[in-house]
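Got the viewer open? Here is a short walk through the chains, one selection at a time.

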There are 6 protein chains.
Amino acid sequence: MTDRPIVPMIEYEDASAEVRAVYDDIMATRKSDWVNKFWKVLAHDPAQLRRMWESLKQIMGPGALDPLTKELIYIAVSATNGCEYCTYSHTASARAKGMTDAMLMEVLAVTGKANETNRLANALRPPVDPQFQPKDI
Amino acid sequence: MTDRPIVPMIEYEDASAEVRAVYDDIMATRKSDWVNKFWKVLAHDPAQLRRMWESLKQIMGPGALDPLTKELIYIAVSATNGCEYCTYSHTASARAKGMTDAMLMEVLAVTGKANETNRLANALRPPVDPQFQPKDI
Amino acid sequence: MTDRPIVPMIEYEDASAEVRAVYDDIMATRKSDWVNKFWKVLAHDPAQLRRMWESLKQIMGPGALDPLTKELIYIAVSATNGCEYCTYSHTASARAKGMTDAMLMEVLAVTGKANETNRLANALRPPVDPQFQPKDI
Amino acid sequence: MTDRPIVPMIEYEDASAEVRAVYDDIMATRKSDWVNKFWKVLAHDPAQLRRMWESLKQIMGPGALDPLTKELIYIAVSATNGCEYCTYSHTASARAKGMTDAMLMEVLAVTGKANETNRLANALRPPVDPQFQPKDI
Amino acid sequence: MTDRPIVPMIEYEDASAEVRAVYDDIMATRKSDWVNKFWKVLAHDPAQLRRMWESLKQIMGPGALDPLTKELIYIAVSATNGCEYCTYSHTASARAKGMTDAMLMEVLAVTGKANETNRLANALRPPVDPQFQPKDI
Amino acid sequence: MTDRPIVPMIEYEDASAEVRAVYDDIMATRKSDWVNKFWKVLAHDPAQLRRMWESLKQIMGPGALDPLTKELIYIAVSATNGCEYCTYSHTASARAKGMTDAMLMEVLAVTGKANETNRLANALRPPVDPQFQPKDI
C-alpha cells in the first residue's frame, strides 16, 4: 500500500475561483499547462496558497542573483533537510533553467562539505576570529 | 565566563611540521598571513586537518560553478544548520569574493523560503509528480 | 521491492508477557483493539518499550495543556524533522481528538514560518533584545 | 569581544519611509513603542521586511487556532532547530499572551519526546499502519 | 549583557523535597557533590525532572554497550544538532570516563563524514540495495 | 510509480577506468563482489567519488576507536538526520561487524535521548557550568 497525501489534492476542476486564480497564475508564470502536487495539497488553505505562491514568485525571480543560482541554493537546503519532494521538484526546476549534471554534483559536494564542517565547528567550538566580525558601516 | 573551545588551539609556533605544512598552504592559497581558528582546533588530528583542507580546497575552487556561488551555498547550508562560526566565516569569505549585502539578503530569502516549503511538503506528503521524475539517459 | 523495517515487528501472539503487558495498556488507554507498528519494532527492547510508553502516556495526557494542543505540537516537530511515520501517526491521532483540516493547515503555516524565521535569525545574528531577557523571580 | 550582527541594525531614525511604515505597523499591531532587533537586521531588504511582517501578522493572528497556541508551536519548532534568538523572543511573546511556566514546561516535554520518537521511527523504519492512512473525502 | 536562562535555576537550598530527592540521587550516582545547571532549570517541572533523570540513568548505564561508547554517541548527536550546552557537558562526561583527545577527534571525523554522506544520499536518492534489506528472523 | 534516483546509476561495465579503479578498491577493501548504489550515483563526479571513498576508508578504519564503534556512531547520526538510505546501509555494515540487535536498540535509546535533551537544553538555555569548561593544557 502506497502512502497517501495527508490531505487530498484539489484538482483544477474541483477548485474554487480563488484557488483557480492562483493555479492560473502558476501556469502563466511558468508557461506550462499543469500545476504540481505541492500546490494541490496546499490549496486546502486558499489564503496560505496565495501567500506562498506570491512570495515564492517574488523571491525566486531575478534580482541581485539570477534564478538558476537561486534554484541551486534551494537544492542545497532541501538536501540538508532531507525533503524528498523538494529534491525532485527543485532538481527538475534547476535543470529546466540550465543546470547540468556537473553543476548538480558540485552543488552537492559543497552541500555535503558544509554539513560536515558545520558539525566540526559546532563540536569543537572555536571562537569567531576578530577578522570575521562584520564591520560597521 | 566565556566558553572556551573544546580543545585548545594549536598556534603556528607550537605546531608540528606536518601541521605547519597545512597552515602554510592555507595562507598561500588564500594569499593571507593568518590561519583562522577552525583549523587551529582541527589540528589536534593532523591527518584530519590535511584531509579536510585538501578536500575543501578542491571543492571550493572554480569548476562548473564559480567560487562565489559556492560560498553562497555554504552560507545557505550553515544558516539552515544554525552553525554560528560557519555563518561568520563564510559570510566574510563571500564578501571577500564580491558578495554584496543585496546578494546576501537574497540568499537568505531563498534559504528561509526553502526551509518553509520543505516542512510543508514533509507534512502534507504530496507524491512526486511524474513530470519531476528524472529521465533515463 | 519495498523497504522492510530494520528489525522485524513483534506481534501480540509472539510477544513475551512483559511486552504483552505494555501492548495491553496501550490498547486499554486508547480504547482500541490494535497496537501500531512503532511499538512492535520498539518491542525488541522490552525495557525501552515500557519506559517510552509510560513517559509518552504521562506527557501526552491532560495537564496545563490539553491533549489536542499536544498533538498539534507533535505534528509541528515531526514536520520540522521530516519524520514520515510520525507525520502520519500523529496527524491521525490529532484528527481523532478533534483536529479539523483548517487547524492542521494553520499548524503547518506556523511551523513553516518558524522554520523560515529561525534561519533568518541564525544567519543575521541579531543580539537578543534586553526586553526579551527572562526576569528574576 | 562580543559577536556582532552580520549586517548592522537599521534604527528608526535612519530608516527609509518604506521601512518606517513597516516599523510603525509592527508597533501599532503590538501596541508597543519599540521594534525588536530581528526586524532591524531584516530591514536591509525592505521588500523582504514587508513581506515577512505581512505574512507573520496574518499567520500568527486568530483563526482556527488561538494566538497563544500558535506561540507554543513557534517555541516547539525554535527549540527543535536550536534558534537562540527565536527561543528568547517567542518565549517572551508567549508569556505576554498568557503562557505560564507550567505550560512552557509541558510544551518542552512534548517537544523533547517528539524529537526522541522521531529518531526511533526514522531508524527502525516501521511501515505506516493502514489505519493511519488518510481517507478520501 | 549576557543571556539568561529561560527559567531561573532552582538551587538545592530552595528546592522542594521531591526535587531534592532527584538532586541527591544524581550526586550519589555520579559520586559528586554538585548538580549541573541542566537539571536546575528542568526542576521547574518536578515530574519531568524525575522522569528524565530516571530514564537517562537507565539508558546511559552499562548494558550491551559500555558507558563510554554511549557518551561518544551522545557527543555525535549533540554535534549534529548543534547543542552548545550538551557538547560541553557530554565532552566533559566522556573525558571523565576515559575519552582521549584522539578518540574525540575520531568521533568527530565520523560524525562529520556521516553528516556529509547523509546529504549526498538524500539528494541523489539511490534506492536501498536488496543486499541491505533486513532479513526475516 | 517508484521514485527514481536523481541521476542514473553508473554500472561497472559502463564505467570509465577512473571510476572502475574506485569500484575495484571498494570491493577489494570490503572483500565483496558488488558495489552499493550510493557509489554508483556519486560516480557522475569521478573526482568526488574518489575523494569520498578515500576519506571514508581512512575514517572508518581502525584507530583510537574500533570500526564497529564507528558504525554505531554512523547509525546515530543517520537516525538523527533521517537519512533512509544511510540507515539501511550502515545498519547492515554494523551487523556485518558484529552488532547485535541488543546493541542496536541501545544505540537508538541513546540517540533518542540525546535528541530529546538537546532540545530541552536549547530551549531552557542553562549556561555552561564552569566545571564543564575545557582546561588549558
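A word on domains before you click anything: their bounds here come from an automatic or database domain assignment. With that in hand, select chain A and colour residues 1-50 as domain 1 and residues 62-126 as domain 2. The C-alpha centres of domain 1 and domain 2 of chain A sit 26 Å apart. Keep in mind throughout that this is a predicted model.

**Stop 1: chain A as a whole**

Switch to cartoon. You should count six helices and zero strands in chain A, so to speak an α-α-α-α-α-α run from the N terminus on. Now zoom out for the overall dimensions. Along the principal axes, the C-alpha atoms of chain A fill a box of roughly 60 × 45 × 30 Å. How does the radius of gyration of chain A stand against that of a compact globule of 137 residues? The globule would come in near 14 Å, but chain A has 19 Å. Of the 137 residues in chain A, 53% are buried. If you draw the contacts in chain A with a separation of 6 or more, 56% of them join residues 24 or more positions apart.

**Stop 2: helix H4 of chain A**

Select residues 67-81 of chain A, which make up helix H4. Put a distance between the end C-alpha atoms and you get 21 Å; that agrees with the 21 Å that 15 residues should span at 1.5 Å a residue. Is H4(A) mostly covered or mostly open? Mostly covered, with 13 of its 15 residues buried. Step one residue past the helix to A:Gly82, whose phi is positive, near 70 degrees.

**Stop 3: chain B against chain A**

Bring in chain B and show the contact residues: there are 59 from chain B and 59 from chain A. On the chain B side, the elements giving two or more residues are helices H2 (37-42), H3 (46-60), H4 (67-81), H5 (84-96) and H6 (101-124). Highlight H6(B), since its 17 residues are the largest share of that side. Colour the chain B side by class and you will find 36 nonpolar, 15 polar and eight charged residues.

Next, superpose the two. Chain B goes onto chain A by a rotation of 180 degrees with 0.0 Å of shift along the axis, at an RMSD of 0.0 Å. The two copies are thus related as by a two-fold rotation axis. The same surface serves both: 100% of the contact residues of chain B recur in chain A.

**Stop 4: chain F against chain D**

Hide those and show chains F and D. This contact takes 16 residues from chain F and 17 residues from chain D. On the chain F side, helix H4 (67-81) and helix H6 (101-124) are the elements that give two or more residues. H6(F) supplies the largest share, 10 residues. By class, the chain F side holds five nonpolar, seven polar and four charged residues.

A turn of 180 degrees and a shift of 0.0 Å along the axis lay chain F on chain D, with an RMSD of 0.0 Å. Which C-alpha of chain F is nearest the axis? Centre on F:Glu116, whose C-alpha is 2.6 Å from it. Because 100% of the interface residues of chain F are also interface residues in chain D, the copies meet through the same surface.

**Stop 5: helix H6 of chain D**

Finish on residues 101-124 of chain D, helix H6. Its 24 residues should span 34 Å at 1.5 Å a residue, and the end C-alpha atoms are 35 Å apart, which agrees. In H6(D), 21 of the 24 residues are buried, so the helix is largely enclosed by the rest of the structure. Right after H6(D) comes D:Arg125, with a positive phi near 55 degrees.

Methods: Residues are numbered from 1 along each chain as its sequence is written. Chains are lettered from A and ligands numbered from 1 in the order in which they are written. This is a predicted model: local features need pLDDT of at least 70, side-chain atom pairs count only at pLDDT 80 or more; totals for chains, interfaces and linings use all residues. Copies are superposed by least squares on the C-alpha atoms of residues with pLDDT of at least 70 in both. Two residues are in contact if their C-beta atoms, placed from the backbone, lie within 7 Å. Helices (H or I, at least four residues) and strands (E, at least two) are DSSP runs, numbered from the N terminus. Ala, Val, Leu, Ile, Met, Phe, Trp, Tyr, Cys and Pro count as nonpolar, Asp, Glu, Lys and Arg as charged, and the others, Gly among them, as polar. The expected span of a helix is 1.5 Å times one less than its number of residues. A residue is buried if 20 or more other C-beta atoms lie within 10 Å of its own, exposed if 12 or fewer, and partly exposed in between; C-beta atoms are placed from the backbone. The radius of gyration is taken over C-alpha atoms; the globule rule is 2.2 Å times the number of residues to the power 0.38.
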